[in-house]
Each structure stands twice: as C-alpha cells, then as structure tokens.
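Here's an informal walk through one protein model, meant for someone opening it for the first time. Keep the picture in view as you read.

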Amino acid sequence: GFLKGNIRHGYGKISSNDSNYVYQGMWIDNKKNGRGTCSYIKNNKKHIYRGLWKDNKPDGYGVLEIENTYDYRGYWKEGKMCGKGEENVRNGPKYVGLFEDNHPNGKGKMIYIRGDFYEGSFKNGKRHGFGTYTYTNGDVVKGQWKKENLNGAGIIKYSSGVVCEGDFQNNMMHGYGFKSWPNGAKFKGKFINNNMEGEGKFQFPNGDLIEGFWKNKKIVQMTL
C-alpha cells in the first residue's frame, strides 16, 4: 500500500501470515479510515465486513456477513451497529429498523421464522413500548410491551372473534377490562390472570344482564 514515511496512508492491504485476517482499503495516519474490506475468523466462522471505517472501527454504512449464519446491512458508529439497518439470522428472525449498541432499539419490524411479525418499539433487542404483534393464524395483539410481553393497556383480537381489551400483565388480562364473544356475550369488569375476578357485569347474547362479584369465571355474589 501507499506509505507516508513508515505510516500507512492511502490505499493498501495487510494480511496475517495464515491469511485468516485480511484488510484491504483506505488508511489515514496508520488507521483504517474510509472505505475498506476486512475478513477474519471468529468462533471458527469467516466474518467479512465491507464498508466505511473511522479510526480502525466500522463507522458509517457497512455490511457484515458471517459464514452461513448471519448478515447485517446498515449503519455503524464506533464499531457498533447504530442507526437504520437490516439484520438476518439464518433459520431465525429478520429485523428491519433502528439499532443502537448492536441491538434493535427504537422503531422497527421483526419477522419471525414461523411467519408471525411484530411492528413497533424495541429496547435492547426486545419488544418494549407500543407495538403490534400479528400471528399467522390472524390473531392480533396491540398495546404496551415490556421485556417481550404485553404489559399495560392493550387489545387482543382473536381470529375466532373474541376480543379482549384493557389492562394486561405478562400477556394476560389483569386489572380492569372488557371481553366480548362472537355470539354477542360481553363482560366488563375486573380480571386476574385472564379470569373474571371481582366486580363486573356480564351481558348474555339475548341482552340479559347480571352484575356482581366474580371468582374463577363464575359469579359468587349478585348485585340487586
């Protein structure tokens, strides 16, 4: 490559004796800066990064490919995935959206291997914040997420026609909520772990209404 004195400066190539590490691209003052390609072996798999560098670290747009397992296409900052990007895991999920510190962070869409997908907010690679999860069978879950689970206000619309709306804890109705069935029946009141528990009103398909206290999905005390 081009040398300025004893310092690499300009376009050049270096490689280890066994060629397990190769860099070919631009240098400024003995550091990788500008566009370049680096291939190396890590965990017995070949890694190739093609893109922009700043002070020996990927910085700007670049592509990382890991032999037969993984690829990332997007932006980097100080050697970490940061900004808009697309991540593909072989036999695993695909993510398109924002990254920070090598993980999905912010708005994005995750498509899972079975075909389900989630679109919304992420934190450290997990569903966190407002988002919508759509199952291949047609079930749709929308609301506030925390550490992968529905926690807070939300609504679940099942393909069967059942609708659950209200407060959720770890994907289950927990607190005040509303549930309706396709036959016209409705319940409005308190839930614990998906069960009607506490004060509530149940309306039958014919319009009849009962009100009172519930336990394990059954009324135990009616309100006159």
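## Salt bridges, hairpins and a charged patch

Let's start with Asp116: its relative accessibility is 2%, so it counts as buried, the cut-off being under 20%. Keep in mind that this is a predicted model. Asp116 forms a salt bridge with Arg114, and their closest N and O atoms are 2.5 Å apart. What about the partner, is Arg114 buried or exposed? Arg114 is exposed, because its relative accessible area is 55%, and the cut-off for exposed is over 50%.

How many salt bridges does a search of the whole structure find? The answer is seven. Here are some of them, with the N to O distance for each.

| Positive partner | Negative partner | Closest N to O distance |
|---|---|---|
| Arg114 | Asp116 | 2.5 Å |
| Arg73 | Asp71 | 3.8 Å |
| Arg127 | Glu148 | 3.8 Å |

Take the Arg127 and Glu148 row, where the two side chains meet in a salt bridge. This pair links distant parts of the chain: Arg127 sits in strand E13, Glu148 sits in the loop between E14 and E15, and they are 21 residues apart. Arg127 has a relative accessibility of 11%, so it counts as buried. Glu148 comes out at 25%, so it counts as partly exposed.

There's also a network to look for: salt bridges that share partners join Arg50, Glu65, Asp71 and Arg73 into one. Within it, Arg73 and Asp71 make the bridge listed in the table, at 3.8 Å. Arg73 is partly exposed, at 37% relative accessible area, while Asp71 is buried, at 19%.

Now for the strands. E11 (residues 103–111) and E12 (residues 117–123) run antiparallel and are joined by six bridges. If you want a spot to find by eye, Met110 stands opposite Tyr118 in E12. Together, E11 and E12 form a hairpin with five residues between them. In that turn, Gly115 has a positive phi of about 105°.

E12 has another pairing as well, with strand E13 (residues 126–134), again antiparallel and over six bridges. Which residue in E13 is the bridge partner of Gly120? That's Gly131. The hairpin of E12 and E13 has two residues between the strands, and Asn124 belongs to the loop there.

That brings us to a small backbone oddity. Most residues other than glycine have a negative phi. Asn124 isn't a glycine, yet its phi is positive, at about 50°. Glu148 isn't a glycine either, and its phi is positive too, at about 85°. You've already met Glu148 as the salt-bridge partner of Arg127, and its place is in the loop between E14 and E15.

That loop also holds Lys147, which lies between strand E14 (140–146) and strand E15 (149–157). Which residues form a positive surface patch? They are Lys123, Lys126, Lys146 and Lys147. Lys147 has a relative accessibility of 60%, so it counts as exposed.

To tie a few of these together on screen, start at the hairpin of E12 and E13, with Asn124 and its positive phi. From there, follow Arg127 in E13 across to Glu148 in the loop between E14 and E15. Then finish at Lys147 in that loop, a member of the positive patch.

Terms used
Residues numbered from 1 in each chain as written. Predicted model: local features only at pLDDT ≥ 70, side-chain atom pairs only at ≥ 80, totals over all residues. Heavy atoms only, no water. Patch = residues over 30% accessible without salt bridge, like charges linked within 9 Å, V, L, I, M, F, W, Y side chains within 5 Å. Areas by Shrake-Rupley, 256 points an atom, 1.4 Å probe, with all protein chains shown as cover. Salt bridge = Lys/Arg side-chain N within 4 Å of Asp/Glu carboxyl O. Lys, Arg positive; Asp, Glu negative; His and termini not counted. Charge placed at Lys NZ, Arg CZ, Asp CG, Glu CD. Helix = DSSP H or I, 4+ residues; strand = E, 2+ residues; numbered from the N terminus. Buried < 20%, exposed > 50% of the residue type's maximum accessible area, 1.4 Å probe, protein only. Pairing = 2+ DSSP bridges.
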